[in-house]
Amino acid sequence: MAEEEDAAATEGGDDTPKKKSKLPLILGVLLMLGGGGGAFFATFSGMLGGGEPAEEGHEETAEAKPLEPVAFVPLDPIIIAVRSQGRAAHLRFRAELEVEPDRQEEVTLLMPRILDVLNTYLRAVEVGEIERPSALMSLRAQMLRRIQIVTGEGRVKDLLVTEFVVN
């Protein structure tokens, strides 16, 4: 009887699983690489309407427009004490105002008012709002609007924040 069981096992019994063929996987990878390469070539050569084909040795040079005249008026650094989660912290703020060159002196004369409005605004801002990742964009817009109100329309183009640190 033992001989019959050995013979059945060697004749291909159903107990051992058959290995799956890797041919479909290999064909899939080759087709994917071939299709990707063909799509790259068609796009790069301009066959798919991607513009004109690139020519060797031909560099496109875009002419840069001349810069508009601009001047910068630095603001004195502002340090404000804030309370953050029961502990004392400080906000260090430094910025520059982008102005027309012929308006630079006018804006400099209004510097005490500008610093006053910034101090007043930053002291009123909640610490939780300052610590948000997107806070600087909204705070910057609010401060710029207040500065433009103080200086008058057309004098200050932009507020460039160079330091904004809570520690």
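Two residues are in contact when they have heavy atoms within 4.5 Å of each other. By that criterion, residues 24 or more positions apart account for 66% of the contacts in the chain with a separation of 6 or more. The model on display is predicted.

**The whole chain**

Begin with the full chain in a cartoon representation. Six helices and four strands are present, and from the N terminus on they follow the order α-α-β-β-β-α-α-α-α-β. If the 167 residues are coloured by accessibility, buried residues make up 23% of them.

**Helix α2 and the loop beyond**

Select residues 23–45, which form helix α2. The end C-alpha atoms of these 23 residues are 33 Å apart; this agrees with expectation, because at 1.5 Å a residue the helix should span 33 Å. Move next to Gly46, just after α2, where phi is positive at about 95°.

Then select Met47, in the loop between α2 and β1. Is Met47 buried or exposed? Its relative accessibility is 61%, so Met47 counts as exposed, the threshold for that class being over 50%. Not counting residues up to four places away in sequence, Met47 touches Phe41 and Ala42.

**The strands**

Select strand β1, residues 71–74. Its covered face carries Ala71 and Val73, whereas Phe72 and Pro74 belong to the uncovered face. In a regular strand the side chains alternate between the two faces of the sheet.

Add strand β3, residues 87–99, which pairs with β1 in the antiparallel sense over four bridges. To locate the pairing, display Ala71 together with Val99 of β3, which stands opposite.

Next, show strand β2, residues 78–84, which is joined to β3 by seven bridges and runs antiparallel to that strand. Here Ile79 stands opposite Arg92 in β3. β2 and β3 form a hairpin with two residues between them. Select Gln85 in the turn: its phi is positive, about 50°.

Complete this part of the view with strand β4, residues 156–166, which is antiparallel to β3 and joined to that strand by nine bridges. The pair to display here is Phe93 with Phe164 of β4, which stand opposite one another.

**Helix α6 against helix α4**

Select helix α4 (residues 111–124) and helix α6 (residues 135–151), whose axes are 10 Å apart and which pack at an angle of about 145°. Their crossing is right-handed. Show the side chains in the contact: α4 contributes Arg113, Ile114, Val117, Leu118, Tyr121 and Leu122, and α6 contributes Leu139, Gln142, Met143, Arg146, Ile147, Val150 and Thr151. By class, the residues of this contact comprise nine nonpolar, two polar and two charged.

Now keep α6 by itself. From its first C-alpha to its last, this helix of 17 residues reaches 24 Å, close to the 24 Å expected at 1.5 Å a residue. Which residues of α6 are buried? They are Ala135, Leu139, Met143, Leu144, Ile147, Gln148 and Thr151. An α-helix has 3.6 residues a turn, so residues three or four places apart point the same way. Bring back the surrounding elements to see what the buried residues of α6 pack against: β3, α4, α5 (127–130) and β4.

**Gln148 and the end of α6**

Centre the view on Gln148, which has its place in helix α6. With a relative accessible area of 16%, Gln148 is buried, since that class takes in residues under 20%. Leaving aside neighbours within four places in sequence, which residues is Gln148 in contact with? The contacts are with Glu153, Val156 and Lys157.

Finish at Gly152, just after α6, where phi is positive at about 95°.

Methods
Residues numbered from 1 in each chain as written. Predicted model: local features only at pLDDT ≥ 70, side-chain atom pairs only at ≥ 80, totals over all residues. Heavy atoms only, no water. Buried < 20%, exposed > 50% of the residue type's maximum accessible area, 1.4 Å probe, protein only. Pairing = 2+ DSSP bridges. Axes fitted to C-alpha atoms, helices over the stretch in contact; angles between N-to-C directions. Left-handed = near helix turned anticlockwise from the far one by under 90°. Nonpolar A, V, L, I, M, F, W, Y, C, P; charged D, E, K, R; others polar. Expected span 1.5 Å × (residues − 1).
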